Amino acid sequence: MMGTRQIAERELTEPVSLVLPNGRLNRAAVGWTRKPLHDTSGIGGRHGWGRNKHWEYWAVTSPTHLLALTVSSLDYSGVHSVMVHDRTTGETIEHGIVAPPWTRPTLPASLGDGPARASARGLEIELSEANAGTRLVARTDAVALDVLAALPAGHERLGVVVPWSDRRFQYTVKDVARPATGTVTVRGTTTELATGDTWAVLDHGRGRWPYRVRWNWGAASGEQGGRTVGLQIGGRWTDGTGTTENATVLDGRLHKLHDQLEWTYDESDWLRPWHIRGGEVDLRFEPFWDHVSRTELGVVGSRGHQCFGHFAGTIPTVEGPLLVDGLLGWAEDVRNRW
């Protein structure tokens, strides 16, 4: 990986449209935000067909379970999934489908504009906004989830526009450290998720992507010394674009990280410790489970290792450097042809 360097990024504070009327990137939209401000309704339709990507991905971590939900549209197909991993038994139940384009999911034009829904071949997912946050509901033949990801007053969420070019770009919202409550039911047995120690993370995406992309992503949430801490880090896919998707959140207040990060890990043994460094970030990640994914559909395919585990080390925050130890989350390496 390249040596780390700091990027000059612009904070946006007013609403802005992601695309121009001709479908190209609105350069005035390039920057980062503390709350969702981008109108992404211009993604889709005749402009850039086949390159348009819409998705909502939620992950929930708790002492007993790891959960993940995906509702997405890639123009030529929908990819939806429900995953439940029991941390006590090690059992993983995953139901994923690739749906044809005529079975389009419901996805809001912009974040918060409405629910996201998918229903096909034994899978049902609904992600809807509530007064207190976002309700995550899903059902398959084997599992059912009902989780509320609370949105505390004043909680800040990282929004970033990544510009590869005027025709290829991505708007992402990475929302970490959302306190969550709810239940997971596996084959009729229901478990209450631990109140105060269950956390939800959102990856919201709207954009037009190149055919081949590889990325690193890491996220973690929890309490450290009585403070709520969220970590959001990424790499590879933003290289050369003049932006990063890195931030920390302390008690709901976001601190943008402008340094590119160097990721070091062993691709022959994904459960060996990872190291992520750059600027004031110095983290060691100890995985305990590798969620391996692989999809091959001719010219379209994806390979990924999403390793769940604990982060320890130093991160910068709005109040200065913070030492974290045992912060639960994940680090991943994903390669897509899409």
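**Exercise 1.** Which kind of link do the side chains of arginine 272 and aspartate 266 form?

*Solution.* Keep in mind as you work that this is a predicted model.
- Step 1: Look for the gap from N to O, which is 3.1 Å here.
- Step 2: Compare that gap with the cut-off: a salt bridge needs a side-chain nitrogen of Lys or Arg within 4 Å of a carboxyl oxygen of Asp or Glu.
- Step 3: The side chains of arginine 272 and aspartate 266 therefore meet in a salt bridge.
- Step 4: Now check the surroundings. Arginine 272 has a relative accessible area of 47%, so it is partly exposed. Aspartate 266, at 22%, is partly exposed as well.

**Exercise 2.** Find aspartate 251 and describe its salt bridge with arginine 227.

*Solution.*
- Step 1: The closest N and O atoms of aspartate 251 and arginine 227 are 2.4 Å apart.
- Step 2: Place both partners. Aspartate 251 sits in the loop between β18 and β19 (253-257), while arginine 227 belongs to strand β17. With their positions 24 residues apart, the pair links distant parts of the chain.
- Step 3: Add accessibility. Aspartate 251 is partly exposed at 39%, and arginine 227 is partly exposed at 28%.
- Step 4: For the wider picture, the count of salt bridges comes to 19.

**Exercise 3.** Which residues are linked with Asp333 in a network of salt bridges?

*Solution.*
- Step 1: Begin with one pair: arginine 335 and aspartate 333 form a salt bridge, 3.4 Å from N to O.
- Step 2: Widen the view. Arg214, Glu267, Asp333 and Arg335 are joined in a network of salt bridges.
- Step 3: Ask how open the pair is. Aspartate 333 has a relative accessible area of 2%, so it is buried. Arginine 335 is partly exposed at 26%.

**Exercise 4.** Work out what surrounds the charged side chain of aspartate 75.

*Solution.*
- Step 1: Locate aspartate 75 in the loop between β5 (65-73) and β6 (78-86).
- Step 2: Aspartate 75 is buried. The nearest side chain of opposite charge is arginine 104, at 5.0 Å.
- Step 3: A salt bridge needs its two atoms within 4 Å, so aspartate 75 has none.
- Step 4: Look for another partner. The side chain of asparagine 52 makes a polar contact with that of aspartate 75, at 3.1 Å.

**Exercise 5.** Is threonine 140 buried or exposed?

*Solution.*
- Step 1: Find threonine 140 in the loop between β10 (133-139) and β11 (143-150).
- Step 2: Its relative accessibility is 9%, and buried means under 20%, so threonine 140 counts as buried.
- Step 3: Follow the side chain of threonine 140, which reaches the backbone nitrogen of alanine 142 at 3.2 Å.
- Step 4: For contrast, try threonine 88, in the loop between β6 and β7 (92-99). Threonine 88 has a relative accessible area of 68% and is exposed.

**Exercise 6.** What lines the largest pocket?

*Solution.*
- Step 1: Start with the volume of the largest pocket, about 1,100 Å³.
- Step 2: There are 43 lining residues, and the closest to the centre are Thr70, Val79, Ser293, Ser302 and Asn336.
- Step 3: Sort the lining by class: 18 nonpolar, 17 polar and eight charged residues.
- Step 4: Find the main contributor. Strand β23 (residues 300-317) gives the largest share of the lining, seven residues.

Methods: Residues numbered from 1 in each chain as written. Predicted model: local features only at pLDDT ≥ 70, side-chain atom pairs only at ≥ 80, totals over all residues. Heavy atoms only, no water. 1 Å grid on protein atoms, 1.4 Å probe; cavity = no way out; pocket = protein on both sides within 12 Å on 5 of 7 lines; lining within 4 Å. Points joined across faces, edges and corners; volume = space filled by probe spheres on them. Helix = DSSP H or I, 4+ residues; strand = E, 2+ residues; numbered from the N terminus. Nonpolar A, V, L, I, M, F, W, Y, C, P; charged D, E, K, R; others polar. Buried < 20%, exposed > 50% of the residue type's maximum accessible area, 1.4 Å probe, protein only. Lys, Arg positive; Asp, Glu negative; His and termini not counted. Polar contact = N/O pair within 3.5 Å; in protein donor to acceptor, adjacent residues only side chain to side chain.
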